[in-house]
There are 2 protein chains.
Amino acid sequence: MGNNRVSKTKNIGVEPPSSTAEIGELDTILGLHIRRVHGAVQRHFGEHFGELGLTQKQISVLWLVGNHPGIAQTDIAQKLDMDRATAMTLVHALEKRGLMCRTPSESDRRRIAFELTLQGEALLAQAKAAITEHEAWLTGRFTAHELKQLRTLLARIYR
Amino acid sequence: MGNNRVSKTKNIGVEPPSSTAEIGELDTILGLHIRRVHGAVQRHFGEHFGELGLTQKQISVLWLVGNHPGIAQTDIAQKLDMDRATAMTLVHALEKRGLMCRTPSESDRRRIAFELTLQGEALLAQAKAAITEHEAWLTGRFTAHELKQLRTLLARIYR
DNA sequence: TATTGTTATACTCTATAACTATA
DNA sequence: TATAGTTATAGAGTATAACAATA
């Protein structure tokens, strides 16, 4: 098994590290561009703001809860394009760290209202500073006009 | 613990599902746009082409190896912006499924040359068709000019 | 010393399915 | 029946650290 090779013996070990980017047809694929960009952004944030102890995803949850005290898990999931169970994981971790707390709703006892704790507010403030810096790195390469274009074009993909 | 709430009792359970998108300042963050777009693309591919049994990442590895028979893991990693260990995981899984095979290089015995198997070639052909369809869904919402703009702007982030 | 492949390990994000309580 | 939260489970992707073989 594993021996039904398709092109017998060409270029064995002769692949020159091929300078930089030249992936052939692959280069045409917009989806690949998007994944690479996503990866680059993710990587930059982790490398520069990892000490914060929060991922971008976690920050967006804290941010959202900070803007909407009393919000429920379902709404968090819906607003950030997540599954209910995925939101649970996020929320639970943040709760366990004492950054958010819960109060059962009285009008609808199925729902649970979430708010930031004082600690959560404090860390969110730091996180916002980090995000601001990170955004400067990300957006600094564009003019205001290009930035507007980019936002408009990207928004058309998921809205 | 968990009782040091910050805003005593406002909006408990009164959060109206808030129609659609309105995340406040969060909406300004380009990084968030990128993550949402990435998620949407990922989701669409999985939902429509999951039966193929290949992820977009796996396809890009097969595609790359197909274009560069004899390529080594390090080069795959470098060309697709991955860690060596991450590439290992990908490559190993594809190998185990009989889609790629290896031949130790003779000129440099540290390197291993990878090629697609016949099975790999066949599946890649199917995958390319899927990607083409997926790309049509993705790019169909843009004019040719917008598409060029978008590609140019995105490329500026990781190049 | 540097590079290639490897293994072990770990964490984040994601989702599905099934369950409980409530509406 | 439908919704909110929960739990168990799984898989993809990512990375770090340490090791062996080779250059």
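In this predicted model, 63% of the atoms of DNA strand C within 4 Å of the protein belong to sugar or phosphate, and the rest belong to bases. The protein side of this surface is made up of 21 residues, and those that come nearest to strand C are A:Thr55, B:Gln73, B:Thr74, B:Arg84 and B:Arg102. Sorted by class, the residues near strand C comprise ten charged, six nonpolar and five polar ones.

Individual polar contacts help to fill in this picture. For A:Thr55, an N or O atom of the side chain is 2.6 Å from a phosphate oxygen of DNA strand C. From the other chain, B:Arg43 places a polar side-chain atom 3.0 Å from a phosphate oxygen of strand C. A base is reached as well: a polar side-chain atom of B:Arg110 lies 3.1 Å from a base oxygen of DNA strand C. Two or more residues of the surface near strand C come from each of helix 4 of chain A, helix 3 (73-79) of chain B and helix 4 of chain B. Helix 4 of chain A gives the most, with four residues.

Attention now turns to DNA strand D. Of the atoms of strand D within 4 Å of the protein, 66% are sugar or phosphate atoms, with bases accounting for the rest. Here, too, 21 residues surround the strand, and A:Gln73, A:Thr74, A:Arg84, A:Met88 and A:Arg102 come nearest. The surface near strand D has ten charged residues, along with six nonpolar and five polar ones.

Phosphate oxygens of strand D are met by side chains of both protein chains. In chain A, a polar side-chain atom of A:Thr74 lies 2.6 Å from a phosphate oxygen of DNA strand D, and for A:Arg43 the corresponding distance to a phosphate oxygen is 3.0 Å. In chain B, an N or O atom in the side chain of B:Thr55 is 2.7 Å from a phosphate oxygen of this strand. At the level of secondary structure, at least two residues of the surface near strand D are supplied by each of helix 3 (73-79) of chain A, helix 4 (84-96) of chain A and helix 4 (84-96) of chain B. It is helix 4 of chain B that gives the most, contributing four residues.

Within chain A, helix 2 offers a view of the protein itself. This helix covers residues 56-67, and its twelve residues reach 16 Å from the first C-alpha to the last, close to the 16 Å expected at 1.5 Å a residue. Helix 2 is mostly covered, with nine of its twelve residues buried. The buried set consists of A:Gln56, A:Gln58, A:Ile59, A:Ser60, A:Val61, A:Leu62, A:Trp63, A:Leu64 and A:Val65.

One of these buried residues, A:Gln58, is also touched by A:Arg97. A:Arg97 sits in the loop between helix 4 and strand 1 (100-104) of chain A. With a relative accessible area of 37%, A:Arg97 falls between the 20% limit for buried and the 50% limit for exposed residues, so this arginine counts as partly exposed. Leaving aside residues up to four places away in sequence, A:Arg97 touches A:Gly53, A:Leu54, A:Gln58, A:Gln119 and A:Leu123. The contact with A:Gly53 can be described in atomic detail: a polar side-chain atom of A:Arg97 lies 2.9 Å from the backbone oxygen of A:Gly53. A:Gln119 is 22 residues from A:Arg97 along the chain, and the C-alpha atoms of this pair are separated by 9.3 Å.

How values were computed. Residues numbered from 1 in each chain as written. Chains lettered and ligands numbered in written order. Predicted model: local features only at pLDDT ≥ 70, side-chain atom pairs only at ≥ 80, totals over all residues. Heavy atoms only, no water. Near = heavy atom within 4 Å. Polar contact = N/O pair within 3.5 Å; in protein donor to acceptor, adjacent residues only side chain to side chain. Nonpolar A, V, L, I, M, F, W, Y, C, P; charged D, E, K, R; others polar. Expected span 1.5 Å × (residues − 1). Buried < 20%, exposed > 50% of the residue type's maximum accessible area, 1.4 Å probe, protein only. Contact = heavy atoms within 4.5 Å.
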